[in-house]
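Work through the exercises below with the sequence and the 3D structure at hand. Try each task before reading its solution.

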Amino acid sequence: MLDDLDLAALTRRPGAKWALATARGALPAWVADMDFPVAEPIRDALVEAVHTDLGYPAWDDKPGENPLAEAFADRMKSRYGYVPQPEHVRVFTEVIQALQAVLHVATDPGDAVAMHTPAYPPFVRTLEAMGRPLVPIPMLDTDEGWSFDLDRLAADVARQRCKALILVNPHNPTGRAFSAGELSALAEIAQRHDLLVISDEIHAELTYRPHRHLPFAALAPDLAARTVTLTSASKAFNLAGLRCSVADVAPGSVRAALDALPPVLLGQSSSLGVTGTLAAWRHGDPWLAEVLALLDRNRLLVADGLPSGVRHHLPEATYLAWLDWRALGLGDDPAAALLARNKVMLSRGPDFGPGGAGYARLNFATSEPILAEILRRLGTAES
């Protein structure tokens, strides 16, 4: 049973989530890994591969011929009704690498890039390291939930001559699943200002009803032609360590520029990464449905169990809760205070860039007893 996790066994895990927290005597609710065991079909496929063949894969050095291209196209069609062209798909080690590769070939240092903030910390660091100035699209905390100002975005894009829009949908860290109306408005801005759109949809399969994920490229054919869609099985199926992701590189110029790079300059995904991803997409849906039911329950437990004064909106997707601790006076980095005093390790708000000060992100992808203990410990933060 996925909800029956052994705390002692978890503390012996060598991965970053538990190892770093255990070393500090804390419970982990930080990095975006789930605690649930790997789906049996994925585990079986990996064991079979280890016992059978760890040689060079047949698709090595052949862009567009990786078996994930067809699998990705099939999954997009079955889940969202969107049919990407398999020959446009390129395989990377992870979404961050794909983002950096696309920015490298499609933009120049000094080119401004718009992105919703607060934002996934590696994306913030990527723009800083690559010299692409960030044009923030601030997420706004309203009575109805998280939103953003489209008029401000249009004005900022024009004034700063943006070249690209990084869209993280569903949004990390707020958990928003952007509506069709919001995406259409973003599309109009992208078309009017000729923006390359890099759409990170890695959390798409972790969307809660009645919300529904809509791929940005599915809005219109001419919009798809300016969009690179990034995704991976790593979040929905907890496979980050396999280092495998895909990019639907629909713009021909970007695809040609990527293919012109030396063939292994960016490294390659491993055969085990491809094997695990194929097993997840082809045989993992019963496991995913069970996980989604547990996560749906957990997000409600978080909403009911937070200390008085902590503000947050129920996430529409992801297993991450974006928490505003400012009323409790814990400073710009409440995660540091909560780690030291309450022995719970959360993700640091300031790492998420503009809009992160005074916040911390909580990962609730664990069993009910462990989550209850995390919330119990956090409950003493108000005393």
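Two strands count as paired if DSSP finds at least two bridges between them. With that rule, L140 has a bridge partner in strand 5, namely S147. The model used here is predicted.

**Exercise 1. The hairpin**

Task: Determine how strand 4 and strand 5 run relative to each other, and how many bridges join them.

Solution.
Step 1. Locate strand 4 at residues 134-142 and strand 5 at 145-148.
Step 2. Find the bridge partners: L140 goes with S147, and T142 goes with G145.
Step 3. Count the bridges: four of them join the two strands, which run antiparallel.
Step 4. Look at the connection: strand 4 and strand 5 form a hairpin with two residues between them.

**Exercise 2. The other neighbour of strand 4**

Task: State how strand 3 and strand 4 run and how many bridges join them.

Solution.
Step 1. Strand 3 covers 113-117.
Step 2. M115 has P136 of strand 4 as its bridge partner.
Step 3. Five bridges join strand 3 to strand 4, and these strands run parallel.
Step 4. Recall the general rule: strands of a sheet pair through backbone hydrogen bonds, either parallel or antiparallel.

**Exercise 3. The whole sheet**

Task: Give the order of the strands in the open sheet and name its edge strands.

Solution.
Step 1. Eight strands make up the open sheet, in the order 2-9-8-7-6-3-4-5, with mixed pairing.
Step 2. The edges are strand 2 (89-92) and strand 5 (145-148), each of which pairs on one side only.
Step 3. From one strand to the next, the twist averages 25 degrees.

**Exercise 4. Helices on the sheet**

Task: Which strands does helix 6 touch, and which strands does helix 8 lie across?

Solution.
Step 1. Helix 6 (residues 121-130) packs on the sheet and touches strand 3, strand 4, strand 6 (164-168) and strand 7 (196-200).
Step 2. The direction of helix 6 makes about 155 degrees with that of strand 3.
Step 3. Helix 8 (residues 180-192) lies across strand 3, strand 5, strand 6 and strand 7.
Step 4. Helix 8 runs at about 20 degrees to strand 5.

**Exercise 5. Two crossing helices**

Task: Classify the crossing of helix 5 and helix 10 from the angle between their axes.

Solution.
Step 1. The axes of helix 5 (residues 95-106) and helix 10 (residues 252-259) come within 9 Å and cross at roughly 100 degrees.
Step 2. Angles of 65 to 115 degrees count as roughly perpendicular.
Step 3. Helix 5 and helix 10 are therefore roughly perpendicular to each other.
Step 4. Helix 5 contributes A101, V102, V105 and A106 to the contact, and helix 10 contributes V254, A257 and L258.
Step 5. Sorted by class, the contact has seven nonpolar, no polar and no charged residues.

**Exercise 6. Aromatic rings**

Task: What kind of aromatic pair do Y120 and F123 form, and are Y120 and F123 buried or partly exposed?

Solution.
Step 1. Rings pair if their centres lie within 6.5 Å, and planes over 60 degrees apart count as edge-to-face.
Step 2. By this rule the model has seven aromatic pairs. In one of them, Y120 and F123 are 5.1 Å apart centre to centre with 75 degrees between the planes, an edge-to-face pair.
Step 3. Y120 is partly exposed, at 24% relative accessible area, while F123 is buried, at 0%.
Step 4. Ring pairs also link W146, W322, F352 and Y359 into a cluster.

**Exercise 7. Backbone details in loops**

Task: Where do the cis peptide bonds before P173 and P210 lie, and where are R161 and D194, which have a positive phi?

Solution.
Step 1. The bond joining N172 and P173 is cis, with omega about 25 degrees; P173 is in the loop between strand 6 and helix 8.
Step 2. The bond from R209 to P210 is cis, with omega near 5 degrees; P210 is in the loop between strand 7 and helix 9 (221-224).
Step 3. R161 is not a glycine, yet its phi is positive, about 50 degrees. R161 sits in the loop between helix 7 (150-159) and strand 6 and is exposed, at 69% relative accessibility.
Step 4. D194, also a residue other than glycine, has a positive phi near 55 degrees. D194 lies in the loop between helix 8 and strand 7 and is exposed, with a relative accessible area of 56%.

Methods:
Residues numbered from 1 in each chain as written. Predicted model: local features only at pLDDT ≥ 70, side-chain atom pairs only at ≥ 80, totals over all residues. Heavy atoms only, no water. Phe/Tyr/Trp six-rings, centres within 6.5 Å; stacked < 30°, edge-to-face > 60°. Buried < 20%, exposed > 50% of the residue type's maximum accessible area, 1.4 Å probe, protein only. Helix = DSSP H or I, 4+ residues; strand = E, 2+ residues; numbered from the N terminus. Axes fitted to C-alpha atoms, helices over the stretch in contact; angles between N-to-C directions. Contact = heavy atoms within 4.5 Å. Parallel < 35°, antiparallel > 145°, perpendicular 65-115°, else oblique. Nonpolar A, V, L, I, M, F, W, Y, C, P; charged D, E, K, R; others polar.
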